Amino acid sequence: MTQDPLFQPLQLGAITLPNRIVMPPMTRSRASQPGDVPNALMAEYYAQRAGAGLIVSEGTYIAPLGKGYAWTPGIHSPAQVAGWRTVTEAVYAAGGHIFAQLWHVGRLSHTSLLGGRQPVSSSPIQAEGVNVFIAGEDGTTPGFVQASAPRALSIKEIGEIVDQYRAAARNAIEAGFDGVELHGANGYLVNQFIDSNANTRTDAYGGTLENRLRFLREVTEALIEGVGDAKRVGIRLAPLTTLNGCVDDDPETTYLAAAKLLGELGVGYIHIAEADWDDAPVMPVEFKLKLRAVYPGVLIYAGGYTAERARDAVSGGWADLIGFGRPFVANPDLTERLRVGAPLALHHRDTLFGGGARGLTDYPTMVKEAA
């Protein structure tokens, strides 16, 4: 097994990752209330999965207006930073590495989550048919509702959000994270600037491809400044997923340009979210090879990978790391299961969002199953 491509070390900036397996960001909505503060339960959850070469935290909103779902953690208040420190300390004690995924949902929110304020976006376009997860009137019963109609950000407000990303990156380092990942995928705010059908601006942030990538560039530069090292910054992109109403007219041209830009900025990795639902668009290997050609850093792919597909991807040279999302939910020892070819447990859908330890930290390891 020493020649297994998934279990070769990889250098990511100053960090040596022991294997090529990534636990990607997954919203679990367990932050303590009030204040959306990371807690001991979350620390236990992440520490249980520290066998991954790299953990990327669940989406963590950078400012109050960046929140899009109930009970998700933030990283803008002192209490939130202190809460995340308990998480990172637990992960490091278990031998792991963890980046914070920084998140602004933009238009994918609801006024009830924003103190009655209207969501913001690149443009005043509602994400029709897209639901967000909110707390019920009793504060505990969850439910999904149509995302509220957004308003377009002013130039001044765009600058303020860039500053919020910089501050969030500094907070992440204060909380002890190894680095930060920008959520630029799946229809959230950065994606709302990049994709042509979500951006109808006629100023410096819209129209041409260079203009649509301007917000991505400015936020990435702010994150690099905030953490003090470009290699401690990763970017998640989703060229073909069309999630949450974001579609680009020419995704290959757009995302090759984005990858080239990020390579010039020197970021440590690009994390590609592939579509993983039935009849989803397939990302051709030819596209992946083009990304490899224009971007010199580490490339992560995630989206419905089996162990066999992951090994082929790394052996093929177009992927360096592979994210396994839902398998990590039900298999805290997923890395060891992949190493020995053990069967994988299945997660319980009704415990994914909200609640307590059930469906979060109570999935057994192989050792506990055998006992």
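This report describes one helix, the nonpolar cores, the empty spaces and one buried proline of a predicted model.

**A helix with two sides**

Helix α8 covers residues 285–294, and among its residues Phe287, Lys288 and Leu291 are buried. When α8 is viewed down its axis, these buried residues fall within an arc of 100 degrees, so they line one face of the helix. An α-helix has 3.6 residues a turn, so residues three or four places apart point the same way. On the other side of α8 the picture changes, for Glu286 and Ala293 are exposed there. What do the buried residues of α8 pack against? Their partners are helix α7 (251–265) together with the strands β13 (269–273) and β14 (298–302).

**Nonpolar cores**

In soluble globular proteins, nonpolar side chains tend to be buried together. In this model the largest nonpolar core has 89 residues, and those that touch the most other members are Leu102, Tyr165, Phe215, Leu216 and Tyr301. Taking Leu216 as an example, and leaving aside its neighbours within four places in sequence, one finds that this residue is in contact with Leu182, Val190, Ile194, Ile235, Ala258, Leu261 and Leu262. Apart from the largest core lies another one, of 14 residues, which includes Tyr69, Trp103, Ala127 and Phe133.

**Cavity and pockets**

Rolling a probe the size of a water molecule over the atoms shows where empty space is left. The structure holds one cavity of 30 Å³ or more. The table sets out the volume of the largest cavity and of two pockets, with the classes of the residues that line each of them.

| Space | Volume | Nonpolar lining | Polar lining | Charged lining |
|---|---|---|---|---|
| Largest cavity | about 40 Å³ | seven residues | one residue | one residue |
| Largest pocket | about 1300 Å³ | 20 residues | 14 residues | six residues |
| Second largest pocket | about 160 Å³ | four residues | no residues | five residues |

The lining of the largest cavity is made up of Pro239, Leu240, Thr241, Ile272, Ala273, Glu274, Ala275, Pro281 and Met283.

The largest pocket is lined by 40 residues, and of these Met26, Asn186, Leu243, Arg326 and Phe353 lie nearest its centre. Strands β6 (98–103) and β8 (131–135) and helix α10 (326–330) each supply at least two residues of this lining, and α10 gives the most, with three residues.

Around the second largest pocket stand Leu209, Glu210, Leu213, Arg214, Arg217, Glu218, Ala257, Leu261 and Glu264. Here α5 (209–212), α6 (214–227) and α7 each supply at least two residues of the lining. Leu261, which is part of this lining, is also one of the residues in contact with Leu216, and α7 is also one of the elements against which the buried residues of α8 pack.

**A proline in a loop**

Pro332 is found in the loop between α10 and α11 (334–340). Is Pro332 buried or exposed? Its relative accessibility is 5%, and a residue under 20% is called buried, so Pro332 counts as buried. Not counting residues up to four places away in sequence, Pro332 touches Gln48, Arg49, Tyr363, Pro364 and Thr365. Pro332 can also be set beside Ala90, since the two are 242 residues apart in sequence and 14 Å apart in space, taken from C-alpha to C-alpha.

Technical notes: Residues are numbered from 1 along each chain as its sequence is written. This is a predicted model: local features need pLDDT of at least 70, side-chain atom pairs count only at pLDDT 80 or more; totals for chains, interfaces and linings use all residues. Side-chain values use heavy atoms; hydrogens and water are left out. Buried means under 20% relative accessible area, exposed over 50%, partly exposed in between (1.4 Å probe, protein chains only). Helices (H or I, at least four residues) and strands (E, at least two) are DSSP runs, numbered from the N terminus. The arc is that of the directions from the helix axis to the C-beta atoms. Contact means heavy atoms within 4.5 Å. A nonpolar core is a set of buried Ala, Val, Leu, Ile, Met, Phe, Trp, Tyr and Cys residues joined through side-chain atoms within 4.5 Å. On a 1 Å grid over the protein atoms alone, a cavity is a set of points where a 1.4 Å probe fits but cannot get out, and a pocket is an open set with protein on both sides within 12 Å along at least five of seven lines; lining residues have an atom within 4 Å of a point. Grid points are joined across faces, edges and corners, and a volume is the space filled by probe spheres set on the points. Ala, Val, Leu, Ile, Met, Phe, Trp, Tyr, Cys and Pro count as nonpolar, Asp, Glu, Lys and Arg as charged, and the others, Gly among them, as polar.
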